[in-house]
Amino acid sequence: MSKTTVKDASTVAEPAPDPTTGRSRTEGGSRALALLLIITGAAGLLAAWIITIDKQKILEAKIAGTTFTPGCSLNPVVSCGNIMESEQASVFGFPNPLLGLVAYGMVVCVGVTLLTGARFPRWYWLTFNAGCLFGVGFVTWLQFQSLYRINSLCLWCCLAWVATIVMFWYVTSLNIRKGFLPAPGWLRSFFGEFTWVLPVVHVGIIGMMILTRWWDFWTS
């Protein structure tokens, strides 16, 4: 009587290598990356949600002939209301937080999907990376506008900035380490060991810009 052998499930699930590169056609993310995407996506989603609610309350107050001051408007510098009522807050013709509700929600979905062990093809990771690049570029523009044009800070915006920066660098790191983005060996090794350095430096630079922009106010 012949016996039927059962192959290891991980062996069966492993996709065939790409004949042109020798790499797997699809790649998954680590549990740590999945959790990072969920946390940063949720942080951005929270910020976008609260800003959307406060923006609505500001508009309702204007219609009623009254004034609404958001809870995060703490002083002349940390003044969310100034940010929400600026032209830059609706650069695409609708409130920026609406874009955040969609984008950060998608990031959370990707993180949850990775937790299930899902694997994605190269084009998917590169598209996701491009979205993160757009996000970090957009928040960089918003940072400049906030510091040097509107002359105010929004704490919830700052939370969204940090979340976007962190997810961008870690998604970029995955694409470089997996070979989806061309890079020399030393750079792949660097991202494999020291990815955390880049978001820390990036956020640190922004923090120094905020500190020096209102140095007299912080030290008075």
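Visitor: How many disulfides does the count come to here?
Guide: The count comes to 1 disulfide in this predicted model.

Visitor: What is a disulfide, in general?
Guide: Two cysteines are joined through their sulfur atoms by a covalent bond.

Visitor: Which residues does the disulfide join in this case?
Guide: Look at Cys72 and Cys80. Their sulfurs lie 1.9 Å apart, S to S.

Visitor: Are Cys72 and Cys80 buried or exposed?
Guide: Cys72 is buried, and Cys80 is buried as well.

Visitor: Now take Cys158. Why is there no bond to the closest cysteine sulfur?
Guide: The cut-off for a disulfide is 2.5 Å between sulfur atoms. The closest cysteine sulfur to that of Cys158 belongs to Cys157, and the gap is 6.9 Å, so it is too far for a bond.

Visitor: Why does Cys158 count as buried?
Guide: Buried means under 20% relative accessible area. Cys158 has 19%, so it is buried.

Visitor: How much of the protein chain is buried?
Guide: Of its 220 residues, 41% are buried.

Visitor: And what does the protein chain expose?
Guide: About 12600 Å² is exposed, with 67% of that supplied by carbon and sulfur atoms.

Visitor: How many helices and strands should I look for?
Guide: Look for 9 helices and 2 strands in the protein chain.

Visitor: Which pattern do they follow along the sequence?
Guide: The protein chain reads α-β-α-α-α-β-α-α-α-α-α.

Visitor: What can contacts tell me about positions along the chain?
Guide: Take the contacts with a separation of 6 or more. In the protein chain, 73% of these are between residues 24 or more positions apart.

Technical notes
Residues are numbered from 1 along each chain as its sequence is written. This is a predicted model: local features need pLDDT of at least 70, side-chain atom pairs count only at pLDDT 80 or more; totals for chains, interfaces and linings use all residues. Side-chain values use heavy atoms; hydrogens and water are left out. Helices (H or I, at least four residues) and strands (E, at least two) are DSSP runs, numbered from the N terminus. Buried means under 20% relative accessible area, exposed over 50%, partly exposed in between (1.4 Å probe, protein chains only). Contact means heavy atoms within 4.5 Å. Accessible areas come from the Shrake-Rupley method with a 1.4 Å probe; for residues, only the protein chains shown count as cover.
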